[in-house]
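Here is a short briefing on aromatic rings in a protein model. Look at the sequence and structure first, then read on.

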Amino acid sequence: MTTSIQPSDLTFTYGERPKEVQDREVRGKASPRAEKLISQYYDAKLMLDCTFPSAYTKAWEEAKGNHPLLRRGLAFKAAFSALEPNIRPGELIVMSRNRYVRGASLVPWTANSAILQEEERTQRLSGRASNKALEDVTILATGGGVVAEDTEDLISISKRYGLPREEYEGMLEACRYWENTSVEETSWMWGKMHPEYDTLVKFKDAVLMSSDMEYGNRHGRSVNSYAVVFTLGFEGMKKRCRELIEEHCHDGENVDKVAFWLGTIATIEGVQAWMRKYVAEARRLADAESDADQKQEYLDIAERLEWVVDNPPRNFMEAVQLHWTAQLEVYNEMQGSGFSPGRLGAVLYPYWKKDIDDGVLTREFTLEVLECMRVKYTELEIATSTATTGILAGNTFNNICLGGQNPDGTAGDNELEILFLQACINMPTVSPTLTVLYDGKLSQAFLNKAIECNKTGAGMPAWVNNRVGIEYCMKYFQDEHITMEDARSWSVGGCLEIQPGAIAYGKVGAGAYSSSGINFINVPKILELVLFDGKDPRTGIQVFPEKHLPLETFDEVMDDFKEKFFEVTRIFQELYNFKTKSAFEIDQPILFSALTSDCLEKGADIDHEGNRYNRCFTTWITGQVNAANSLASLKKNVFEDKAFTLEELKDALLNNFGYESALITGNFSMMEQEKKDSNPDWERIHALCTRAPKFGNDDRYVDDIYVQVSHTFRDAAESTTDVFGRKWVGSMLSTSTHGPLGQADIASPDGRLAGVTLADGGQSPYPGTDLNGPYAVLNSAVSIDHSDFKNTQLNMKVHPASIKGPQGSKKMLQMIKAFMDQGGYHIQFNVVDSRMLKDAQKRPDQYRNLLVRVAGFTQYWVEVAKPIQDELIARTEYEEV
C-alpha cells in the first residue's frame, strides 16, 4: 500500500498554492542562429571519441626516456595535432573537443578501467578502495542524450556514453597499455603504503564516502586564467619559455623547470596545429559556400583564428574565440570538471567597450554571440565512471561570476555583464552557470536584471556573498601573503568553491591550486556507526572496532560521533595525500599550469606549487542536515523525553519504521512511501522522530547541534596537512551525492526512510520539514560563520507566482540582501511549480528543455536521475516570499 506521510509531520508547501499550474514568468527569445544550434544539441547523443587518447598513448610510448614533463608535452603535441576540425553552419565561436556535438574522450592515463567488461572490472577492483559499492547503489538518468544501454551500433560506457562498436577494440588496447601505470592504478598502489589503507577499503565498501581520486577527477573546481595568453599570445608564451630556458639552464637545480618550459612549448605547438586545421577548414567551407552571408562568416572565423593562433586578441570576437580555445585545451588536457571561466565579464569588458565605442560592434550582435557561447559551453562533456556520474549528474560546472568588486574596490558590474544575464534569459542552458558576487556597491540595473534571469527558472544566477569570499581569501591564504587586490578578484571554481584571484600583467587572473578530487563524506552513515557500534547495518561491515559504549547520555553519543567524524576525515585525507602524490608524474597539467598566474615564471606546474596560492585541498560532506536533525531527535526523544529507548529506536531503524525500502519502491522522497508492516511501536517512534526539531525553522535547539556538526567537520578537515604541508579545508555542498549516498543509508532518527535521498546542499532543510517560512530558513543558515568553509550551499524552491511582477522581484532581492547582510554565503533558487515537475516525470518527452537547479548547478530535467528528481519535487515550495 502506497501512503503519504501524515500532513502534520511534513509539509511540502508553505502558503496557499494557486489552483492552476503556473509556468515561469520570464521567457526570453534567442536568435534563430542560437536556436538552431541548441536544437542540434538536443538531438545529439553523448559520444566518446578515441582520437585524442589513442594519439596521446602512441606518442607517450614513443617519447619513453624523456623527462616526464617533456614526455607529457610531446604526447599532448601529438594528441592535439591529431584532432580534426568540426565547424557547423551558423557557428560564430568554433572548435569542439572532438568530432561530436556532445563529444567526450576517455583519459586512460588517468582512469583506464571504465571500458572493461563488468566481470573483468569487478575482479580488478576487488580489495581496492574503489567506488564499486557506490556504483551498485547509484541510479543514473536515462533520458536526453544519454546512451544508457548498448545499441546495434554503440557500446554503452558507464551507462552514459556511446562508443562506436568498431572503435571499441582500439580504445580497449589503449586502456590496457596503461595497466599499472595510470593514476587509477598507481593511486591504489601508493595508497597501500599507508598502514590504514584497509580501513579506507571498509569506508568505501560501506559507502561511507564517495571519492573519485581513482577515477580521474583529481583536478578541477578551479578558475581558468586568460591573463597570460591575452597578454602574450601563444607565440609570446613560447618565446618567454625560451627566454627562461636560456636564463636558467645553467643552474643544475633547474632541470625540472627546463623540462616544464619545453613541455609547455610542445603542448602549445599541438594546440596551434589544431587551431590551424580549423583555419583551413573555415577557408575550405568558405570556398564551397554559395550563400554570401555564410561565406563571409566562414572567412571571419578563419581570420580570427589565424590571428589568435599566434597573437593576443585585438578585439572582442578574437578574445571570445581565444578564451574558448583555452577552455577546450584545459578539458582535453585533464580529466576533471569545474574548470570555470571565472570573472569572464571583467576579462572581456575592455575589448567589448573599445569595439562598442569604435562602432564596430553592436549590443544586438553581442547578445547573439553570448547566446552561441552558452550553447558551446553546454556541449562540453567529460567521460567519467558510473559512480562519478552519479556524483556530478553529467554537469561540467563551468561557472562565470558577475559583479563583485574590481581589484581597486569599485563596483565590478558592467554593461557587458548585464548582457551575459540577458543571454541566459534568451538562451537558458545548463552551462555556463552564472553566479552573482553580491556586493552593496552593485548597480540597481544589474541586480534587477539578475532577478529577471532568476525568474526564467533556469536556476541561475546563483547568489554568493562577495564579502564572505574576500574574508575567506584573506583568512585562508594569509600565510601565502595574499593581497587585497587578489582577494577582491576572487571567483567561484566549479559549483561554489571560493578561489582567490591573481592579478597578472595588470589583468584579472587566477592562480590557485584546484580543489582536489570530488570527495564527499556520508555524515548520516557516521551516526549509523555510532548507533551500531562501528558496524554498517546495511552491509554488515565492521568499519570500526567494537567499543561497547553504553551510550547512556546524549553527550556520550555526541562525543563518539565527533570522534568517528574526526577519524573518517583524517584517514580519508591522509590516504588521499598518498594517492594524489602518485599522480604528480603522470597527469600533471602542463598548459593549464602555464596559463595560470606565476607557473610560467616559476617554471613549475600546479602540482609542484607553481600557483600563487596553494591551500586548496578540500573535503566535502553530504547529509549534515540529516545528521543534525537525527541528533536532535535522539537528544529530545531518547534522552530528554525518554519517549523510547535507544534499543527500541535501533529496532525501528533496522525495520525502516515498517516501510518498504526506497530501493524497492523506486520512490526516493518522503512524499510517497509504501507501508510494508503494521507495527504500532514503530509507527509511534516514526511519528516522534518526524516531529522532532528540524533545521531550517530558526530553532536554536537543532541549529546549535548543526553548528556542532559543522564545527566538528571544519576542525577535522583542518587537522590534516596536504602534500604541500598546508592544512586541508572543508566544503559544504552536495552536488548530486545526496542521491546515491542516501541510497546507501538505512532509516535515520530524523524520520527519513531507508534509501531515501538525503537533504541537498549543505544548508538546505530536509524536504517538508521547514515549516516557518523562508526567513526562518535563512536564520538557521547563518548560525555558522560561512567564511570558515570553502563553500556552503543553500537551495530554495519558490513558486513563480510568489515573485511575480515588480513587487515580487523586490521581495526576492530583499530576501537575498537580508541573507547576505547576516553573513550567509550562498543561495540559489528553483522557480517552478512542483506540479509541473510531476508532469515532467510522467511525460519526459514533453519537457526536453526543462531546466532545474540541483545543487550548485543546473541540469536538464530529463538527464537528472530519479532519486534527485523525487527530491526536487519534494523540496518545500514557497508560495509566499
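The points below cover ring pairs, a ring cluster and charges over rings.

This is a predicted model. The structure holds 44 aromatic pairs. A pair of aromatic rings is described by the distance of the centres and the angle of the planes.

**The pair F397 and F857**
- F397 and F857 make an edge-to-face aromatic pair. Their centres are 5.1 Å apart, and the planes meet at 80°.
- F397 sits in the loop between α15 (386–392) and β10 (399–403), while F857 sits in the loop between β21 (851–853) and β22 (858–860), so this pair ties together parts that are 460 residues apart in sequence.
- Both F397 and F857 are buried.

**The pair F572 and W728**
- F572 and W728 also form an edge-to-face pair. Here the spacing is 6.2 Å centre to centre, with 70° between the planes.
- F572 belongs to helix α21 (residues 554–581), and W728 to the loop between α28 (700–717) and β18 (729–731), so the pair links parts that are 156 residues apart in sequence.
- F572 is buried, as is W728.

**An aromatic cluster**
- Phenylalanines F52, F76 and F80 are among the members of one aromatic cluster.
- The cluster also includes the tyrosines Y56, Y177 and Y278. The tryptophans W60, W109, W178 and W274 belong to it too.

**Charges over rings**
- R314 places its charged end over the ring of W307, 3.8 Å from the ring's centre.
- K650 lies over the face of F532, at 5.4 Å from the ring centre.

Key: Residues are numbered from 1 along each chain as its sequence is written. This is a predicted model: local features need pLDDT of at least 70, side-chain atom pairs count only at pLDDT 80 or more; totals for chains, interfaces and linings use all residues. Side-chain values use heavy atoms; hydrogens and water are left out. Rings of Phe, Tyr and Trp (its six-membered ring) pair if their centres lie within 6.5 Å; planes under 30 degrees apart count as stacked, over 60 as edge-to-face and the rest as tilted. Helices (H or I, at least four residues) and strands (E, at least two) are DSSP runs, numbered from the N terminus. Buried means under 20% relative accessible area, exposed over 50%, partly exposed in between (1.4 Å probe, protein chains only). A charge sits over a ring if NZ of Lys or CZ of Arg is within 6 Å of the ring centre and within 35 degrees of the ring normal.
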